[in-house]
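Me: I would like a close look at one part of this model, followed by its wider setting. Please keep the sentences short.

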Amino acid sequence: MAAEYIGVKELAEKWGVTTRRINQLCVDGYFSGAYKKGKFWMVPSDAEKPSVLRAKKTNKALSRTRTTKLLPCPVGITSYKEVSRECYYVDKTLLIKDIIDDHNKVYLFTRPRRFGKTLTLDMVRTFFERSEKDTSVYFRDKEIWSAGKEYRSYQGKYPVIFLSFKDAHQKNWEDMYQNLRFSIKEAFLAHIELLNSDRLNEFDKKFYQRIADSSAGTTDVQFSLGKLSSMLAQHYGQKAIVVIDEYDTPIQQGYLNGCYDEVIDFMRNLFSAGLKDNEDLEFGILTGILRVAKESLFSGLNNLVVNTIMDDKYAQYFGFTQKEVSEMAVYYGMEEKLPEIRSWYDGYLFGSEEIYNPWSVISYFNNDCKPKAFWSRTSGNEMIGQLIREANAETYESLSALMQGKAVQAIIDTDIIYPELNGDADVIYSFLLVAGYLRVTGTIGAIGGNPICSLSIPNREIKSVFQKEILNLYSAVFTGSLLRDFEVSVRTGNSELLTETLQKYLLQSASVYDTAYESFYHGTVFGMLAVMSDSYYITSNRESGEGRFDVQLEPHDKSRTGFILEFKTKKDLDEAGLKALAAEGIEQIRDHQYYTDMEYHGISNIIFFGIGFSGKKVAVTVEKK
């Protein structure tokens with residue numbers, strides 16, 4: 001007999017929840033067999049009520065009676081032991097099962113900054129690492145423990161070497177080398193028991209001592225990873241696991257600070273000794289942003305398995321899935337905030353899995369559910385700033401189009417290297433994609449084994465990063481007084497001051513080539529508006545009313561004034577024609593009712609700007625709604 005299905009509305013009434021909630025559960029994959037019939041979801045009539053709906057009532061009851069304290073959000077905590085026992089933890093332990101099942105020798109996971117790599121690696125270390133204490137207590141209530149006895153047998157059985165290069169931000173090679181040497185020394189000191197081992201010879205112990213007291217030469221330091229794994233294998237009679245977090249941070253800093261070649265030479269030798277043909281290696285795991293392949297950093301490492309954001313496998317283990325974010329919102333009693341969370345922090349695509357930025361989602365809940373660009377303030381955006389500053393006119397025009405909500409196309413190569421980043425646009429977009437600034441919205445074809453992808457900005461948070469970096473690009477022209485005048489003229493609706501300010505900018509900086517396209521004017525004004533981003537939600541090319549406005553400034557405080565800007569361009573206009581062109585912008589705002597979206601959000605005071613451009617001339621018309 002064919003399965004029977006019911007509509008979302010009927011199911012919502014049956015369970016006493018909103019249709020919006022049932023729709024979201026369908027999107028998040030809670031109902032096996034659910035499908036979309038036209039615009040509406042159909043759900044099997046025998047579907048069981050998900051636990052998250054039952055949990056919602058329980059959590060609200062607990063909140064009302066104050067009998068249970070909700071777990072805190074783990075903002076900035078990368079210790080698995082602490083997070084898993086004392087904080088709200090999104091269970092990623094089945095990664096361990098996949099690693100065991102796949103039985104590869106060396107894994108490299110490339111993901112953007114702040115997507116849970118460090119916490120995940122600490123989870124792996126805690127699971128496998130030998131310890132005098134029983135560390136199984138950190139996994140007994142996790143999914144890996146329910147996977148079966150076979151997987152539990154691996155727990156606490158291996159010596160683990162853990163290295164993190166996250167602090168390698170020095171400005172020259174000498175200081176960076178000292179930092180790298182200190183990190184390696186810390187890894188040795190974590191195994192101080194080797195000094196008293198009766199299974200090691202005196203030569204091994206002297207090598208250990210040289211690393212520990214910082215008297216070792218460069219050659220010893222470069223071969224230290226392989227040597228430490230050998231000593232651990234001899235001492236414990238068990239091969240070692242090597243875990244390296246943010247392996248490419250020194251490489252990026254070397255590129256930015258002129259010591260790239262020295263860093264590459266050092267890291268190549270370090271990894272070769274520790275990961276290539278190392279008979280004492282059980283397996284190794286590295287994380288970073290890029291696969292730095294073409295410099296032969298992993299030369300001869302045929303056992304390396306690289307997993308990038310383009311791959312389906314392991315996609316769910318870094319970042320939060322839609323289902324995980326929904327469960328988190330229900331736990332904190334903030335289910336109604338899901339649309340806001342989605343618009344700010346969703347939009348990443350790892351393989352075919354929709355992913356949220358975990359750092360930002362956690363920070364959002366910790367910030368009383370008030371949205372901010374949390375990721376841009378912590379991830380270190382030196383690279384994107386340099387890329388945009390060095391971009392040519394064509395690339396800058398494409399970046400401006402991205403800020404306006406449009407898509408660009410590029411050939412994506414995840415095997416890029418830093419010296420190529422000031423090359424063509426495809427390389428720049430490939431970096432921006434793997435670094436978390438763009439998302440794939442479609443695959444068009446392939447060239448030479450590399451996909452041709454359509455790319456866009458994933459969410460509101462990343463759009464604000466672009467705004468700030470575009471602003472920095474023009475810092476020499478966007479002086480304090482110019483920005484101050486610009487902000488005042490927009491906020492007060494002063495058409496004369498805005499005209500004067502934009503005219504000054506065009507005369508000082510814009511070439512005739514720059515002013516050939518509306519996208520230049522649009523991108524310039526959009527970049528200048530970053531000065532107002534702390535008080536306004538700034539959006540571009542979004543649907544509202546019966547069309548798409550150019551730029552909208554919606555105030556965080558609904559009692560304040562909102563603004564809509566419409567740009568018009570035409571060549572060779574005189575002053576009268578330019579004023580008439582600006583007036584067309586106002587007319588378009590009214591005719592297409594671009595103010596509908598802001599009115600829906602409770603903004604009653606709205607000012608319209610019609611801005612006309614012709615070469616280096618500008619005219620502004622301002623009207624209140």
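In which element is Asp261 found?

Reply: Asp261 is found in helix H14. Bear in mind that this is a predicted model. Asp261 has a relative accessibility of 55%, so it counts as exposed. The cut-off for that label is over 50%.

Asp261 belongs to a group. Together with Glu174, Asp175 and Glu262, Asp261 makes up a patch of negative charge on the surface. Two elements each give two or more residues to this patch: helix H9, residues 173–189, and helix H14, residues 260–275. Residues that form a salt bridge are left out of such patches.

Helix H9 also holds Met176. That residue has a relative accessible area of 0%, so Met176 is buried, whereas Asp261 is exposed. Met176 also has a spatial relation to Cys259. The two are 83 residues apart in sequence, yet their C-alpha atoms lie 9.3 Å apart in space.

Now to charges that do pair up. The structure holds 15 salt bridges. Among them is the one between Lys97 and Asp101, where the closest N and O atoms are 3.0 Å apart. Both residues lie in helix H5, which covers residues 94–102. They are 4 residues apart, about one turn of the helix. Lys97 has a relative accessible area of 24% and is partly exposed. Asp101 is partly exposed too, with a relative accessible area of 36%.

Helix H5 takes part in another salt bridge. The side chains of Asp102 and Lys313 meet at 3.1 Å, N to O. Asp102 sits in helix H5, while Lys313 sits in the loop between strand E8 (304–307) and strand E9 (320–321), so this pair ties together parts that are 211 residues apart in sequence. Lys313, at 45% relative accessibility, counts as partly exposed. Asp102 counts as partly exposed as well, at 24%.

A further salt bridge stays inside one helix. Asp122 and Arg125 both lie in helix H6, residues 117–128. They are 3 residues apart, about one turn of the helix. Their closest N and O atoms are 2.8 Å apart. The partners differ in cover. Asp122 counts as buried because its relative accessibility is 7%, and buried means under 20%. Arg125 is at 24%, so it counts as partly exposed.

Next, the aromatic rings. A pair of aromatic rings is described by the distance of the centres and the angle of the planes. This structure holds 36 aromatic pairs. In one of them, the rings of Tyr107 and Phe109 have centres 6.0 Å apart and planes at 5°, so the pair is stacked. Planes under 30 degrees apart earn that label. Tyr107 and Phe109 are both buried. Ring pairs also place them in a wider cluster. Its members include Tyr80, Tyr89, Phe127, Phe128, Phe139 and Tyr158. Phe283, Tyr314, Tyr317 and Phe318 belong to the cluster too.

Tyr536 and Phe563 form another aromatic pair, and this one is tilted. The rings are 5.8 Å apart centre to centre, with 55° between the planes. Tyr536 lies in strand E15 (residues 536–540) and Phe563 in strand E19 (residues 562–569), so the pair ties together parts that are 27 residues apart in sequence. Both ends are covered: Tyr536 counts as buried at 4% relative accessibility, and Phe563 counts as buried at 0%.

Two backbone details round off the tour. Ser214 is not a glycine, yet its phi is positive, at about 65°. Ser214 is found in the loop between helix H10 (202–212) and helix H11 (218–222). Its relative accessibility is 31%, so Ser214 counts as partly exposed. Cys369 also has a positive phi, near 55°, in a residue other than glycine. Cys369 lies in the loop between helix H17 (358–366) and helix H18 (382–389). At 5% relative accessibility, Cys369 counts as buried.

Back to the starting point: Asp261 is an exposed residue, found in helix H14, and part of a surface patch of negative charge.

Note on methods: Residues are numbered from 1 along each chain as its sequence is written. This is a predicted model: local features need pLDDT of at least 70, side-chain atom pairs count only at pLDDT 80 or more; totals for chains, interfaces and linings use all residues. Side-chain values use heavy atoms; hydrogens and water are left out. Patches are made of residues with over 30% relative accessible area and no salt bridge: like charges are joined within 9 Å, nonpolar side chains (Val, Leu, Ile, Met, Phe, Trp, Tyr) within 5 Å. Accessible areas come from the Shrake-Rupley method with a 1.4 Å probe; for residues, only the protein chains shown count as cover. A salt bridge is a side-chain nitrogen of Lys or Arg within 4 Å of a carboxyl oxygen of Asp or Glu. Lys and Arg count as positive and Asp and Glu as negative; His and the chain ends are not counted. The place of a charge is taken as NZ of Lys, CZ of Arg, CG of Asp or CD of Glu. Buried means under 20% relative accessible area, exposed over 50%, partly exposed in between (1.4 Å probe, protein chains only). Rings of Phe, Tyr and Trp (its six-membered ring) pair if their centres lie within 6.5 Å; planes under 30 degrees apart count as stacked, over 60 as edge-to-face and the rest as tilted.
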